[in-house]
Amino acid sequence: MIRTLAAAAAWVDDVGLALLFPKADVVLPSLWEQVNGSPEQNWSIRDEDGKFVSWSEPMGFLWPAKDELPAQGLVCVGKHLARVVACVSPRLVPLLVAANREPAEGDPVVSAIRELGPLTGPELREATRRGKKEIDRSIASLHHRLVLTSSHLVEHDGPWGALAHDLLDRKWSVPTTLAARDDARRELASLVLEGARELTAADLAGVFGWRRKEAAAILDEVADGRDDEAGFRIWTRR
């Protein structure tokens, strides 16, 4: 089981794309399963009254690791896939950007981070004069659109600290010239199919947020399709 940042980074680089924690109906592997040995949610140790005592050993490693991996430049971490926290190998960041980036020109959160550097949620609220709910929604959307990404943990008074967010292009190496969008999407579809061995259009759409019709068209280009007994179209590796 994984217990070092180097091992976690090597595993993410090997699989390319992963979730931090497993999510039902998402076909990507999760770093949690590699750390814990199973998808079971044994996250904490509690007393007889159910009060939190400490993290379990696997969670004790993974909780700080999710912030240290991007801080040390080992793994791109953010809400970039399936609208949950995901781990992306740095080598695949340009491909994911080419396939899925959505523009965010004029966004006040982006403008603040571009001018001031990586900022936490509270710092963004102060810089933009906007409320917590609005800032939290903006951060999540900008991660999904591959404009922002996790940078590092800023220690505050108290037990948790706050996550700073940075421009993805500033945090990671993203070349000016990227692959064509369709080519990038075909390559990503092939990568997910390699790990899952077979996919439905809904499986692929769920990972990247694509329309099912578009996901089906891409799978037709890179895989062999068949209809199962229930009439669902399934694609397998060629």
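**Exercise 1. In this predicted model, identify which residues Leu204 touches, not counting residues up to four places away in sequence.**

*Solution.*
Step 1. With those sequence neighbours set aside, Leu204 touches Ala189, Val192, Leu199, Trp210, Ala215 and Leu219.
Step 2. Leu204 also belongs to the largest nonpolar core, which has 39 residues. Leu204 is among the members that touch the most other members, together with Leu17, Leu28, Leu81, Val88, Val93 and Phe208.
Step 3. The elements that give two or more residues to this core are β1 (17–19), β4, β5, α4 (93–100), α9, α10 and α11. Of these, α4 gives the most, with six residues.
Step 4. A second core is separate from this one; its 20 residues include Ile2, Ala9, Phe61 and Leu69.
Step 5. As background, nonpolar side chains tend to be buried together in soluble globular proteins.

**Exercise 2. Determine which residues of helix α11 are buried, and where they fall around the helix axis.**

*Solution.*
Step 1. Helix α11 spans residues 212–222, and its buried residues are Ala215, Ala216, Ile218, Leu219 and Val222.
Step 2. In a view down the axis of α11, these buried residues fall within an arc of 165°, so they line one face of the helix.
Step 3. A general rule of helix geometry applies here: an α-helix has 3.6 residues a turn, so residues three or four places apart point the same way.
Step 4. The cover over the buried residues of α11 includes α9, β9, α10 (201–208) and β11 (233–236).

**Exercise 3. Give the strand order of the open sheet of three strands, and find the bridge partners of Leu199 and Gly225.**

*Solution.*
Step 1. The order is β9-β11-β10, and the pairing is antiparallel.
Step 2. The edge strands are β9 and β10 (224–227), each of which pairs on one side only.
Step 3. Between β9 and β11, the antiparallel pairing extends over two bridges. Leu199 has Trp235 of β11 as its bridge partner, and Glu198 stands opposite Thr236 in β11.
Step 4. Between β10 and β11, which also run antiparallel, there are four bridges. Gly225 has Trp235 as its bridge partner in β11, while Asp224 is partnered by Thr236.
Step 5. The hairpin of β10 and β11 has five residues between the strands, and within this hairpin Gly231 takes a positive phi near 90°.

**Exercise 4. Two residues other than glycine, Ala82 and Arg197, have a positive phi. Establish where each lies and whether each is buried or exposed.**

*Solution.*
Step 1. Most residues other than glycine have a negative phi.
Step 2. Ala82 has a positive phi of about 55°. Ala82 is placed in the loop between β4 (76–81) and β5 (84–88).
Step 3. The cut-off for a buried residue is under 20% relative accessible area. Ala82 has 8% relative accessibility and therefore counts as buried.
Step 4. Arg197 has a positive phi near 75°. Arg197 is placed in the loop between α9 (181–196) and β9 (198–199).
Step 5. The cut-off for an exposed residue is over 50%. Arg197 has 52% relative accessibility and therefore counts as exposed.

**Exercise 5. State how much space lies in the largest pocket, and which of its lining residues are the closest to its centre.**

*Solution.*
Step 1. The largest pocket holds about 930 Å³ of space.
Step 2. The lining has 31 residues, and the closest to the centre of the pocket are Trp63, Lys66, Asp67, Val85 and Leu163.
Step 3. The elements that give two or more residues to this lining are α3 (57–71), β4, β5, α6 (121–128), α7 (132–144), β7 (148–154) and β8 (162–167).

**Exercise 6. Describe the surroundings of His143 and of Phe52, leaving aside neighbours within four places in sequence.**

*Solution.*
Step 1. His143 lies in helix α7. His143 counts as buried because its relative accessibility is 3%.
Step 2. His143 is in contact with Gly78, Lys79, His80, Leu148, Thr149, Ser150 and His165.
Step 3. Phe52 is located in strand β3 (residues 52–55). Phe52 counts as partly exposed because its relative accessibility is 37%.
Step 4. Phe52 is in contact with Ser44, Ile45 and Arg46.
Step 5. Phe52 and Ala180 are 128 residues apart along the chain, and their C-alpha atoms are separated by 49 Å.

How values were computed: Residues are numbered from 1 along each chain as its sequence is written. This is a predicted model: local features need pLDDT of at least 70, side-chain atom pairs count only at pLDDT 80 or more; totals for chains, interfaces and linings use all residues. Side-chain values use heavy atoms; hydrogens and water are left out. Buried means under 20% relative accessible area, exposed over 50%, partly exposed in between (1.4 Å probe, protein chains only). The arc is that of the directions from the helix axis to the C-beta atoms. Contact means heavy atoms within 4.5 Å. A nonpolar core is a set of buried Ala, Val, Leu, Ile, Met, Phe, Trp, Tyr and Cys residues joined through side-chain atoms within 4.5 Å. Two strands pair if DSSP finds at least two bridges between them. On a 1 Å grid over the protein atoms alone, a cavity is a set of points where a 1.4 Å probe fits but cannot get out, and a pocket is an open set with protein on both sides within 12 Å along at least five of seven lines; lining residues have an atom within 4 Å of a point. Grid points are joined across faces, edges and corners, and a volume is the space filled by probe spheres set on the points.
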